[in-house]
Amino acid sequence: MLFLVIYPILQTLYLSFLSPSGEFVGMSNYNEVLNDPRMLNVAGFPKWPPLGALVHNAIWVLIHLPLSMFGGLALAIILRDVRGSSIVKSIIFLGMVTPLIVGGVILQFTFEERFGIITAIFNILGVEQLSKTWTAYPQTALFALIFGSVWLWTGFSMIVYSAGLATIPNEYYEAAKIDGAGPFKTFRRITFPLLRPLNVVVITMTILYDLKIFDIVYVATFGGPGRASTVLAFEMWRTAFRTLNFNEAAVIAMLLTILTMVVTIPLIRYTVRR
Amino acid sequence: MKLEKALLKKLIFHVIAFSIGILWLIPFLGVFMASIRPFDEIFRGWWTFDRFTLTFNSYIGAWNDPVYPLSRGLLNSFIVAIPSTIIPLFVGALAGYGFARFNFRIKSYLFLTVVFLMALPQQSVIVPLFQIMNNLRLIDNYLSLILVHSAWGLPWIILFLRNFFSTLPIEIEEAARIDGASDFKIFRKIVLPMSLPALASVVVLQFMWVWNDFFLAKVLIYEESMLLATQRVEYIGREAFRVNWGVLTAGSIIVMIVPIIIFVLLQRYYVKGMIGWTVKG
């Protein structure tokens with residue numbers, strides 16, 4: 001543990017302050033990386049990607065988090081009283097056990113011009129821009145990856161909320177029914193408040209997933225075209241093992257580490273309080 | 001009248017539920033169809049069925065790929081995943097039992113370590129890890145992967161098993177101790193047999209985690225013949241100017257079939273482990 005986790009983190013931190021030749025250069029690597037368009041592309045702003053890895057990860061969270069969280073909650077509620085729903089749950093959960101590298105291939109295929117079903121549907125609808133291979137165009141590549149990750153990850157929040165629903169006693173619902181509460185009110189007054197503790201878990205795990213996303217980007221778009229779908233984890237790997245600049249890679253790694261730690265604090269506080 | 005309405009509502013819910021299930025399955029179905037049909041048939045969409053020819057050529061092609069045969073990839077993945085599961089399971093069970101029975105204060109530290117590790121991106125350690133392994137001449141050696149996977153898996157396994165062991169009734173162990181059994185004998189003959197469900201959860205989660213990993217393998221293994229199954233997905237069926245989707249989809253299915261079979265067979269343990277370490281903490 002100490003040798004394979006703690007020491008490497010400290011070493012990464014140390015490397016991030018050194019120049020490639022080993023001199024101490026303070027924050028200059030950070031300066032370099034944060035002003036690099038591959039991280040934050042200010043010039044591209046009014047238009048679409050590439051906007052830089054930091055922004056792409058933020059967009060990822062903004063789209064992926066609400067979709068998979070509320071999608072999973074809705075699925076958990078719909079499937080609660082359905083007989084045979086365990087099969088449906090298993091299908092939705094398949095995305096969680098599929099290797100992400102394969103998940104990337106599947107989403108690339110699904111958004112492919114001639115073979116993919118999504119592009120075929122847009123073709124029938126007459127939306128020409130969306131009937132081309134999504135992963136091949138800078139306007140759509142990032143979104144193909146994000147929607148693909150929603151498909152892969154929604155099973156997580158569904159399973160967590162399903163486990164939460166199973167702990168709510170049926171008497172609560174019977175009492176609400178006797179009092180004449182409708183389904184919406186029952187949800188707002190009983191289901192949602194009782195599931196609220198689980199939100200911390202779902203939100204934290206989902207943002208962590210979004211920050212660490214690597215495999216599907218690597219295999220489906222390789223961060224491209226150009227840098228239109230690059231993300232932090234991918235940019236870190238490319239800087240370290242393609243450009244062979246370990247110091248700038250260490251900076252990206254530290255940024256990623258700081259972000260994940262910040263995201264995790266609420267989860268820690270929540271569990272420690274209990 | 002009221003009964004009819006309730007029935008109708010139930011029916012609608014069932015229809016919605018199963019439609020969603022089918023909808024979710026479609027990407028898998030597409031890849032599956034592309035893998036079992038010849039290229040010229042899926043060219044106009046895998047959902048067209050005016051002709052349907054079943055062929056396993058793509059599977060044979062992916063399995064025996066001239067440069068990156070998946071047969072070798074699966075073997076390599078098993079060679080890495082099995083010890084990377086058994087080692088932390090064994091160590092984790094011993095340590096978890098120790099923490100459950102002999103030291104009660106460790107829990108919050110252990111918990112923080114687990115959360116910390118779960119949050120930590122692999123990127124934050126990968127450069128020094130690569131340098132260490134390079135200095136130890138362990139690049140292109142599965143020992144490096146096995147070590148790293150064991151180290152990352154161990155904390156949550158300890159915590160998970162500790163929590164499980166503390167729910168076991170201590171009276172049985174005390175009775176055995178009065179009968180003169182040693183601590184280790186109690187652990188082996190009484191605690192472990194009672195813990196099979198928890199051990200199964202650990203095996204399933206850890207094995208899948210290692211099998212599905214791509215990033216660590218990508219950085220630590222380069223030799224062509226040693227590439228793991230997930231690493232071969234990026235090469236298989238990718239020809240110079242086009243993608244051979246038949247071979248690529250067949251290869252992808254071969255790689256994912258292992259975790260999916262495990263999930264289908266041991267779903268109960270997988271979900272229990274998952275919920276256990278995310279929800280209950």
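1. Two residues are taken to be in contact if their C-beta atoms, placed from the backbone, lie within 7 Å. The model discussed here is a predicted one. With that cut-off, and leaving aside residues up to four places away in sequence, W151(A) touches G95(A) and P27(B), the second of these being a residue of chain B.

2. W151(A) itself lies in helix α7 of chain A. This residue has 23 other C-beta atoms within 10 Å, and since 20 or more are needed for a residue to count as buried, W151(A) is buried. The C-alpha atom of W151(A) is separated by 9.9 Å from that of G71(A), although the two residues are 80 apart along the chain.

3. Helix α7 of chain A, which runs over residues 141-166, has 26 residues and reaches 39 Å from its first C-alpha to its last, close to the 38 Å expected at 1.5 Å a residue. A reader following its course should note a bend of about 40 degrees at L152(A). Because 20 of the 26 residues of α7(A) are buried, the helix is largely enclosed by the rest of the structure.

4. Turning to the contact between the chains, 65 residues of chain A and 61 residues of chain B take part. On the side of chain A that touches chain B, helix α12 (residues 246-273) supplies the largest share, namely 12 residues. That side of chain A divides by residue class into 51 nonpolar, 10 polar and 4 charged.

5. Chain B comes to 13 helices and 0 strands, so that its pattern along the sequence, by the definition of these elements, is written with α throughout. Of its 281 residues, 44% count as buried. Among contacts in chain B between residues at least 6 apart in sequence, 75% join residues at least 24 apart.

6. As to overall dimensions, the radius of gyration of chain B is 24 Å, whereas a compact globule of 281 residues would have one near 19 Å. Taken along the principal axes, the C-alpha atoms of chain B fill a box of roughly 75 × 75 × 35 Å.

7. The domain assignment of chain B gives domain 1 (2-55) and domain 2 (68-280), and the C-alpha centres of these two domains lie 34 Å apart. In the contact between them, 5 residues of domain 1 meet 6 residues of domain 2. Helix α1 (residues 2-36) of chain B provides 4 residues, the largest share of the domain 1 side, and the residues of that side divide into 4 nonpolar, 1 polar and no charged.

Conventions
Residues are numbered from 1 along each chain as its sequence is written. Chains are lettered from A and ligands numbered from 1 in the order in which they are written. This is a predicted model: local features need pLDDT of at least 70, side-chain atom pairs count only at pLDDT 80 or more; totals for chains, interfaces and linings use all residues. Helices (H or I, at least four residues) and strands (E, at least two) are DSSP runs, numbered from the N terminus. The expected span of a helix is 1.5 Å times one less than its number of residues. The bend at a residue is the angle between axes fitted to the seven residues ending there and the seven starting there. A residue is buried if 20 or more other C-beta atoms lie within 10 Å of its own, exposed if 12 or fewer, and partly exposed in between; C-beta atoms are placed from the backbone. Ala, Val, Leu, Ile, Met, Phe, Trp, Tyr, Cys and Pro count as nonpolar, Asp, Glu, Lys and Arg as charged, and the others, Gly among them, as polar. Domain bounds come from an automatic or database domain assignment. The radius of gyration is taken over C-alpha atoms; the globule rule is 2.2 Å times the number of residues to the power 0.38.
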